[in-house]
Amino acid sequence: MGVTKEYNLPIPIIDNRELKLLDDLTEKYNRLIQPSKINKLEKKIENILPAKIKEKGQELTDNIAAIEIYEKAMSLIADGFKIVEEQAAKLTISENDIIEKINKVEEENDINKIDEICFARSYDIAKIVNSSKDKQKIIALIEGGSTGVAGFAGIPFNLVLSNLIYFRSVQLIAIYYGFDVKNNASELVIASQVFAKALSPKQDNINNELNGIIGKIMVMTQATAVKQTAKKTWTDMATRGGTTLLLTQMRALANKTAQKALENAGKKGLEKSVFKDVFEQIGRKLTLKTIEKSVPIVSAVLGALIDTSQINKVIEYADIFYHKRFIMEKEERIYSLMNLDKDIIDVE
């Protein structure tokens, strides 16, 4: 019979600094969905390009069969995913490295697994996440920004590779905040929808309920986000409505999708299956964007800007979502690990 690990309950579980961060993160999200400097620069460059060059580029774009590129990309995911995965291995997610970094800032508990990260302070985790962002951006730019150089023949491979790297970046951020996307199928599904939503945060371009819930969580503030009387079970949370109900619904929807994916692909093929599903939702729109930046001359000017803008948007969106979710679910996750079933300690 195993020995139950003893944890030191953080007092308060959610401190005032974390509560304030919910408002700060909402403000950060509102800034994220505004046109960026890169977006504005893209438009300026497009406006000053000679009309003949733009017409030539548009003519070339019109002659490309976008549907054919999309179908080749889907075929690559189905038949050549292993090759793409090997190229994306530079963003390999190491739980041990993440836990080691968390333990350097977490003094009260010796964290041994991803689920225990919930005992740390969210702002301490955020510092670690911020320090990892530049590396993710550089890798994504090098691997995903080569479409213009490779020419049209390389578009399907680069399209799939760059988006797999973006998806891996979302997974990495999820693990930093203690959500185990590698061993929990429902968490991988949630990460896939965070990735999809990050590409167009202002609109529900993905027509499903899980995506909508993620969008609602992003705009919630301190006033509505944390219920200080949550109990142990998800059933208790669901009866309270508000954010707790949203979080419960999100988990339920993700579990349902994950079960289907596991039945179809098994655990080893789960990431491929989930990535294929999300690419089917967003792939056609991404294909058109990729073709536009691959047009000669224009691509040389805009390609790097578009890649930089896209990976930055994905990473920032994922960071805001998982940081907010970490705070919202912190009490529940801690009490579940400690096997406690009583009213939690007040924040003040």
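A residue counts as buried when its relative accessible area is under 20%. By that cut-off Glu-18 is buried, because its relative accessible area is 0%. Keep in mind that this is a predicted model. Here is a friendly tour of two topics: the salt bridges around Glu-18 and elsewhere, and the packing of helix 6 on helix 9.

**Salt bridges at Glu-18**

- The structure holds 12 salt bridges, and two of the pairs involve Glu-18: one with Arg-121 and one with Lys-330.
- In the pair of Glu-18 and Arg-121, the closest N and O atoms are 2.8 Å apart. Glu-18 sits in helix 1 (residues 16–32), while Arg-121 belongs to the loop between helix 6 and helix 7 (122–144), so this salt bridge ties together parts that are 103 residues apart in sequence.
- Arg-121 has a relative accessible area of 14% and is therefore buried.
- For Lys-330 and Glu-18, the closest N and O atoms are 2.9 Å apart. This pair links distant parts of the chain, with Lys-330 in helix 16 (residues 298–338) and Glu-18 in helix 1, 312 residues apart.
- Lys-330 has 0% relative accessibility, so this lysine counts as buried.

**A salt bridge between helix 16 and helix 7**

- Asp-319 and Lys-133 form a salt bridge through their side chains, at 2.8 Å from N to O.
- Asp-319 lies in helix 16 and Lys-133 in helix 7, and the pair links these distant parts of the chain across 186 residues.
- Both Asp-319 and Lys-133 are buried.

**A shared network**

- Asp-15, Glu-18, Arg-121 and Lys-330 are joined into one network by salt bridges that share partners.

**Helix 6 against helix 9**

- Two packed helices are described by the angle between their axes and the distance between the axes.
- Helix 6 covers residues 95–105 and helix 9 covers residues 155–176; their axes come within 10 Å and cross at roughly 40°.
- An angle of 35 to 65 degrees is neither roughly parallel nor roughly perpendicular, and helix 6 and helix 9 are therefore oblique to each other.
- The crossing of these two helices, helix 6 and helix 9, is right-handed.
- On the helix 6 side, Ile-98, Lys-101 and Ile-102 take part in the contact, and they meet Leu-172, Ile-175 and Tyr-176 of helix 9.
- By type, the residues of this contact divide into five nonpolar, no polar and one charged.

Methods:
Residues numbered from 1 in each chain as written. Predicted model: local features only at pLDDT ≥ 70, side-chain atom pairs only at ≥ 80, totals over all residues. Heavy atoms only, no water. Axes fitted to C-alpha atoms, helices over the stretch in contact; angles between N-to-C directions. Helix = DSSP H or I, 4+ residues; strand = E, 2+ residues; numbered from the N terminus. Parallel < 35°, antiparallel > 145°, perpendicular 65-115°, else oblique. Left-handed = near helix turned anticlockwise from the far one by under 90°. Contact = heavy atoms within 4.5 Å. Nonpolar A, V, L, I, M, F, W, Y, C, P; charged D, E, K, R; others polar. Salt bridge = Lys/Arg side-chain N within 4 Å of Asp/Glu carboxyl O. Buried < 20%, exposed > 50% of the residue type's maximum accessible area, 1.4 Å probe, protein only.
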